[in-house]
Amino acid sequence: MAGALALALTAGSALTGAARAETTLQLGHPTAATSHYGVAASTLADELSRRSNGKFKVVSTPNGAEREMIESAQIGTLDLVVTSTGPVGNFVPEVAVVDIPFLFKDYDHARAVLDGPIGQDMLKLFPDKGIVALAWGENGFRHITNSKRPINDPADAKGLKVRTMENQVHMTAFRQLGVLPTPMAFTEVFTALQQGTVDGQENPIPVITASKFAQVQKYLTLTGHVYSPAMILMARSTFDGLTAEEQQMFRDSAAVAAKAMREKVAAVESNGVDELRKAGMEVITDVDRTKFQQALEPAYAEYSKRFGKENIDRIRNYTP
Ligand code: EAX
């Protein structure tokens, strides 16, 4: 049931005649139920149910469009969303700094920044926009796939039509590479690849495997060009209807769900590329990332103007 807290009074014990209040919350996420997003959703549901002795029941719907789900949370017609940061900068502009390519060295660096003061301060910007950000999750480092040719070098990407997220920071980067960025909701990507509306797309390994892109893409280049964070968000209207103790329960449960999501990403990272090879993809593993980074250099002037060079450097140089 959509909306703020949907209160369902279920029949209580016939012996005592007591009625037990059960609250059903609707959660949306962007990919298949078996994906890392599905893991976050089911872990959150399990944790909330256990910690509340069954009071909170989460019903999850996979394959939702991220921007629309966030909008629904904002107006209170969807209670919980697990999403990448793809469209988040359209709601909380300061957060888009995390979407800058080659900003994070590796998974440890990204997680440390998001879990540390920089990331935690960003979460505080959400309530003003009608959303409560419960925790940072993870989508993973993104890689490029396409149906035209192996990309060994930045120059090989020139002229390709590549679907990007609805994210200005990403679009700026792809334009810089000479790629024609085509933003669209993730829900439309498989069909767009299949029909040739776009030549390629870019996503982390766990999304490429869960979405069966090997069926419609021949070449995978392990560019790791940008880290893609995920977030566990909640409608502020729903959150405000909880007691302080329940609010803490949601934060704690989201932290456990985020951890499970990161573990799932790591697990798929370790076997996903082999799986994609077996599914027929040609994988370019030997990538000179410095070349891609250098090709993107001019885009950094734009990023510095938008976010402030000192804010970018603070993330880049962060050590816990
Ligand atoms: O959040 O839109 C995207 O490419 C995202 O990475 C995907 O939906 C998972």
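**Close-up views of a predicted model**

**View 1. Ring pairs link Phe-104, Tyr-107, Phe-141 and Tyr-227 into a cluster.** The model is predicted. Two phenylalanines, Phe-104 and Phe-141, belong to this cluster. Two tyrosines, Tyr-107 and Tyr-227, complete the group. Across the whole structure, a search finds eight aromatic pairs. Two further pairs follow in Views 2 and 3.

**View 2. Phe-56 and Phe-250 form an edge-to-face pair.** The ring centres of Phe-56 and Phe-250 lie 5.0 Å apart. Their planes meet at 80 degrees, so the pair counts as edge-to-face, the class for planes over 60 degrees apart. This pair links distant parts of the chain. Phe-56 sits in strand 3 (residues 56–61). Phe-250 sits in helix 10 (residues 244–278). In sequence, the two are 194 residues apart. Phe-56 is buried at 2% relative accessible area. Phe-250 is buried too, at 0%.

**View 3. Tyr-300 and Tyr-303 pair edge-to-face.** The centres of the Tyr-300 and Tyr-303 rings are 5.4 Å apart. The planes stand at 85 degrees, so this pair is edge-to-face. Both residues lie in helix 12 (residues 299–307). They are three residues apart, so about one helical turn separates them. Tyr-300 has a relative accessibility of 10% and counts as buried. Tyr-303, at 3%, also counts as buried. The cut-off for buried is under 20%.

**View 4. Ser-84 is a buried residue of strand 4.** Strand 4 covers residues 80–84. The relative accessibility of Ser-84 is 1%, so the residue counts as buried. Neighbours within four places in sequence are left aside in the contact list that follows. Ser-84 is in contact with Tyr-37 and Glu-66. Asn-139 and Met-165 are also in contact with Ser-84. Ser-228, Pro-229 and Ala-230 complete the list. Asn-311 is 227 residues from Ser-84 in sequence. In space, the C-alpha atoms of Ser-84 and Asn-311 are 21 Å apart.

**View 5. Asn-63 has a positive phi in a loop.** Phi of Asn-63 is near 60 degrees. That is a positive value in a residue other than glycine. The loop holding Asn-63 runs between strand 3 and helix 2 (66–75). Asn-63 is partly exposed, with a relative accessible area of 48%.

**View 6. Phe-102 has a positive phi and is buried.** Phi of Phe-102 is near 50 degrees. Here too, the value is positive in a residue other than glycine. Phe-102 lies in the loop between strand 4 and helix 3 (107–115). Its relative accessible area is 11%, so Phe-102 counts as buried.

**View 7. The whole protein, for context, has 13 helices and ten strands.** The radius of gyration is 20 Å, close to the 20 Å that the globule rule gives for 320 residues, so the protein is as compact as a globular protein of that length. The C-alpha trace spans about 75 × 45 × 30 Å along its principal axes. Of the 320 residues, 56% count as buried. Among contacts with a separation of 6 or more, 75% join residues 24 or more positions apart. The accessible surface comes to about 13,500 Å². Carbon and sulfur atoms hold 51% of this surface. The protein has 33 positive and 36 negative charges. The mean positions of the two sets are 2 Å apart.

How values were computed. Residues are numbered from 1 along each chain as its sequence is written. This is a predicted model: local features need pLDDT of at least 70, side-chain atom pairs count only at pLDDT 80 or more; totals for chains, interfaces and linings use all residues. Side-chain values use heavy atoms; hydrogens and water are left out. Helices (H or I, at least four residues) and strands (E, at least two) are DSSP runs, numbered from the N terminus. The radius of gyration is taken over C-alpha atoms; the globule rule is 2.2 Å times the number of residues to the power 0.38. Buried means under 20% relative accessible area, exposed over 50%, partly exposed in between (1.4 Å probe, protein chains only). Contact means heavy atoms within 4.5 Å. Accessible areas come from the Shrake-Rupley method with a 1.4 Å probe; for residues, only the protein chains shown count as cover. Lys and Arg count as positive and Asp and Glu as negative; His and the chain ends are not counted. The place of a charge is taken as NZ of Lys, CZ of Arg, CG of Asp or CD of Glu. Rings of Phe, Tyr and Trp (its six-membered ring) pair if their centres lie within 6.5 Å; planes under 30 degrees apart count as stacked, over 60 as edge-to-face and the rest as tilted.
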